[in-house]
Amino acid sequence: MQHSSSSPIILLLSRAISPYIMLFGIYVVLHGHYSPGGGFQGGAMLAASVLLIRIAVEEKVHQMHFQKGLGIPLAALGVIIFFATGLVSIFIGGFFLDYNMLPLPGLLPAELHNAGILIIEIGVGLTVMAILISIYDNLLEDDDDV
Amino acid sequence: MFDFIAGHYNYWFIILLISIGMYGMIFKKNLVKKLIGMTIFQAAVILFYISSSVKADTTVPILLELNESADVNRYINPLPHALMLTAIVVGVATVGVAFALLVLIYKRYNTLDEKELIERMK
Amino acid sequence: MRIISYFSLITFSTLLVYASLGLPYRGDAEALVNKETSPIGSPVASSYYIKNAYNDTYTPNIVTAVLGDYRSFDTLGEGVVIFAAGLICYLLLRREKKNAAQ
Amino acid sequence: MIERHIPALLPLIFLASALLIPMFGVFKRKTAYPFAVTASLSAAALSVYGFVYVLQNGTMRYYFGGWIPPIGIEFVYDPLSAFVSVVINVVALMVLTHALNSVRVDQEGRQVAYYSVVMLLLTGFNGMIITGDLFNLYVFIEISSLSGYALIAVGEKQSPFAAFRYLIIGTIGASFYLLGIGYLYFMSGTLNMGDLAGILPMIKDSPTILVALIIIVVGLGIKMAIFPMHGWLPDSYTYAPTTSSSLIAPIGTKVGAYALIRILYFVFGADYFSREFAAADLIAIFSCGGIIFGSVLAIAQKEMKRMLAYSSIAQIGYIGLGIGLANPFGFIGAVLHLLNHAFMKACLFLVAGNLRIKAGHSDITKMDDSFRKKYPWTMAAFTVAALSMVGLPPLAGFFSKWYLALGTIQSSRWIYLAVILISSLLNAVYFFRILEKVYMKSPIKEKADENSSENIKKDEVVPSMLVPALVLAIGLIVLGILNVFIVKQIYKMMPEGM
């Protein structure tokens with residue numbers, strides 16, 4: 001991708017807006033319990049904030065922002081967060097993903113469920129963000145080679 | 001009769017959408033258009049679930065009062081929404097993979113037209 | 001060949017219209033989906049969710065409760081699907097560059 | 001303690017390995033294969049143990065999140081699913097053993113992602129087998145399909161186009177299935193298979209249920225490649241790399257067949273889909289068409305992998321025929337053929353892969369005597385599998401055809417019986433064609449001194465590629481001998497009331 005011709009307005013605006021999109025994405029992930037939202041929607045927004053920078057600024061800068069090689073491991077980490085939440089309850093003696101068994105002391109069962117949902121939403125959000133960025137990167141990978 | 005139509009028209013519109021999607025997938029020769037047809041098809045199925053989950057005189061499935069027992073007749077059916085959230089993600093994933101394949105095909109054959117592709121593959 | 005395709009498309013649409021005749025009315029609160037117990041006495045999932053979501057999870061958004069708790073395994077599958085998509089794009093496209101470089 | 005978790009662990013082992021491979025693969029590429037093969041080995045061991053356990057203790061149910069169905073998602077681990085998961089995991093273990101070398105050759109420089117996608121494929125298959133929830137089945141279908149497209153697309157030059165066609169057709173199939181379960185859900189209010197099976201008799205007169213059944217059969221039929229929906233199969237199998245085609249050909253279509261059996265027999269019930277209207281007959285007729293079509297086209301092929309692909313269409317027809325007969329013998333035949341065909345096809349595809357690596361091609365017209373001298377053991381495995389495909393009595397392939405034939409006799413469908421006999425003949429034609437070349441035809445004497453029979457040296461493939469094919473071939477003999485025992489177990493898998 002050639003970025004040399006992008007105007008300073010685009011550069012400035014996208015860099016100014018991106019953090020707010022990211023903030024709103026985090027809000028959507030964390031506030032999914034009370035309003036429409038959750039991991040996938042918030043993750044898509046987080047990805048959008050990163051992709052905005054990717055489109056606007058040149059490669060050297062946006063690689064500092066979010067590195068290409070980071071996508072797949074980060075996504076794997078997201079699924080592992082989800083997976084580990086399920087696995088913990090197997091080790092403690094319940095079924096897979098049984099939030100009653102989460103080792104968080106001092107919470108009522110319903111609060112445990114609430115916390116469990118939050119953890120997996122964060123995992124899903126992380127995965128969705130990382131993968132959407134990674135797909136974008138891979139699809140544009142070698143435009144120059146063709 | 002009128003009641004019947006008022007109660008079923010959403011299904012018929014969705015069938016129309018499904019037919020459009022299938023038409024695109026079967027008859028269009030360009031692979032991207034096939035993919036668009038596929039997306040329309042998936043969206044139609046998702047719409048089927050969502051439009052069928054309505055209930056008369058109800059609101060969105062976010063509790064208005066946080067008390068112990070909610071009234072079943074006050075909120076619409078939440079399950080199809082949850083299912084379709086998953087189905088949407090699956091659709092996104094499928095489209096992503098399809099685009100990756102298209103990029104690969106275009107790199108190797110420099111065309112996305114089905115007839116030409118079959119010619120060039122020989 | 002085209003005729004067969006048209007024929008199958010029309011047959012399929014007709015089949016779906018036929019199926020729609022038996023579906024419950026839109027918004028029908030008496031349909032089996034919206035009842036509280038099924039004809040064989042088991043609880044109907046969606047009504048159970050509406051009634052108990054807050055007691056079980058302290059989560060007012062019932063869709064989140066269903067997605068994250070009652071049917072969380074589906075959501076794990078969803079995460080795996082999207083992870084698979086990313087990995088596949090990586091598998092398919094990244095190596096092309098390596099081959100081209102050789 | 002661990003027994004309770006076996007149903008969940010089978011897919012989760014593969015999932016864990018799929019997640020760990022890229023995490024560790026970033027640091028060290030060589031860790032990918034050990035992870036994959038360890039996961040496969042433990043899953044195979046666990047599924048065998050689970051099968052024995054289930055036969056002794058009866059069906060196990062696993063409630064995810066502790067929610068009792070129909071509220072939550074349930075895994076049902078009954079003798080049938082335990083049996084199929086043993087088949088799948090054992091074949092997968094053999095193919096992965098073979099993969100040690102073939103993937104190194106085929107997938108230079110992208111082994112980490114490749115193995116991870118293979119693990120995702122097996123996650124999807126195991127999940128499809130064990131799940132007891134209709135929507136969860138859809139999710140697993142999509143996981144396995146997506147990985148399947150990718151595994152096909154990393155093959156030869158034409159493979160991405162084959163994979164794209166598979167993707168379009170496969171997504172139609174999955175969407176059909178999703179629409180079908182949508183109809184079932186809005187009619188009955190439940191997604192749980194057991195619950196639905198209880199409610200369906202009360203609402204079965206509705207046209208929606210009928211159409212839902214048709215759509216689901218079409219959708220799963222595409223996954224399974226029943227005759228008129230087979231279009232994606234030959235190209236995909238031919239152009240895919242060895243490991244992919246020998247995973248997807250024996251396992252993928254079988255899992256589709258299993259899902260069809262599960263939904264038709266255990267949700268709708270054999271009575272509904274065979275007697276209330278002609279769905280069963282339609283499946284049987286199309287399957288018969290597929291048997292003849294696949295066998296005839298297999299004869300016309302010059303390339304071994306493509307021939308095997310067409311022969312797959314025919315063999316899937318056998319399973320479909322067994323499903324469509326809807327009587328006990330048909331059921332036994334279908335399940336037994338599912339097992340036998342998985343072993344036979346895996347063995348044949350591994351042999352084709354070995355030939356491609358060693359001889360550089362698997363073109364039937366170029367085969368001759370020297371193949372047998374160069375690769376005696378590979379060819380021995382091929383011979384056993386081919387004879388089993390044809391259906392010679394001591395080998396496993398005979399018995400599934402035998403029970404299918406009994407099934408046709410039981411419902412007095414003589415045409416189907418004729419189809420089975422004719423197709424056995426056609427099988428014989430296309431396999432003996434190769435065997436004849438390999439055992440009888442001496443090489444064309446262009447360079448007489450190089451190719452003369454004294455100078456041809458044994459040039460067998462490395463053990464890691466030879467042993468899996470041989471094990472599968474020996475497995476066919478053992479399965480043939482043990483068939484009475486296996487059929488006795490299949491009796492326990494039948495749905496109630498058959």
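**Exercise 1. Locate Ile5(B) in its chain and state which surface feature it helps to make.**

Solution. Ile5(B) lies in helix H1 of chain B, where helices (H or I, at least four residues) and strands (E, at least two) are DSSP runs numbered from the N terminus. The model is a predicted one, in which local features need pLDDT of at least 70 and side-chain atom pairs count only at pLDDT 80 or more, whereas totals for chains, interfaces and linings use all residues. Residues are numbered from 1 along each chain as its sequence is written, chains are lettered from A in the order in which they are written, and side-chain values use heavy atoms, with hydrogens and water left out.

Next, consider exposure: Ile5(B) counts as partly exposed because its relative accessibility is 34%, given that buried means under 20% relative accessible area, exposed over 50%, and partly exposed in between (1.4 Å probe, protein chains only). Ile5(B) then joins Met1(B), Tyr9(B), Phe13(B), Leu16(B), Leu17(B), Ile20(B) and Leu47(B) in a nonpolar surface patch of about 790 Å². Such patches are made of residues with over 30% relative accessible area and no salt bridge, nonpolar side chains (Val, Leu, Ile, Met, Phe, Trp, Tyr) being joined within 5 Å. Helix H1 of chain B, residues 2-27, gives the largest share of the patch, namely six residues.

**Exercise 2. Identify the network of salt bridges that includes Lys29(B), and describe the places of its pair with Glu114(B).**

Solution. A salt bridge is a side-chain nitrogen of Lys or Arg within 4 Å of a carboxyl oxygen of Asp or Glu, and the count over all chains comes to 14. Lys29(B) and Glu114(B) meet in one of them, at 3.9 Å from N to O. This pair links distant parts of the chain, 85 residues apart, with Lys29(B) in the loop between H1 and helix H2 (31-52) and Glu114(B) in helix H4 (residues 114-121) of chain B. At 34% relative accessibility Lys29(B) is partly exposed, while Glu114(B), at 11%, is buried. The network of salt bridges is made up of Lys29(B), Lys34(B) and Glu114(B).

**Exercise 3. Trace the salt bridges of Arg71(C) and find which one crosses between chains.**

Solution. Begin within chain C, where Arg71(C) meets Asp74(C) in a salt bridge of 3.0 Å, N to O. Arg71(C) also forms a salt bridge with Asp133(D), in which the closest N and O atoms are 2.7 Å apart. The latter pair crosses between chains, from the loop between helix H4 (111-130) and H5 of chain D to the loop between helix H3 (62-70) and helix H4 (72-101) of chain C. As for burial, Asp74(C) counts as buried at 2% relative accessibility, Arg71(C) is buried with 3%, and Asp133(D) is buried with 1%.

**Exercise 4. Describe helix H5 of chain D, from its start to its surroundings.**

Solution. At the start of H5(D), a side-chain oxygen of Asp133(D) reaches to within 3.1 Å of the backbone nitrogen of Phe135(D). The helix has 20 residues (134-153) and reaches 29 Å from its first C-alpha to its last, close to the 28 Å expected at 1.5 Å a residue. Because 20 of its 20 residues are buried, H5(D) is largely enclosed by the rest of the structure. Of the 498 residues of chain D, 69% count as buried.

How values were computed:
Patch = residues over 30% accessible without salt bridge, like charges linked within 9 Å, V, L, I, M, F, W, Y side chains within 5 Å. Areas by Shrake-Rupley, 256 points an atom, 1.4 Å probe, with all protein chains shown as cover. Expected span 1.5 Å × (residues − 1). Polar contact = N/O pair within 3.5 Å; in protein donor to acceptor, adjacent residues only side chain to side chain.
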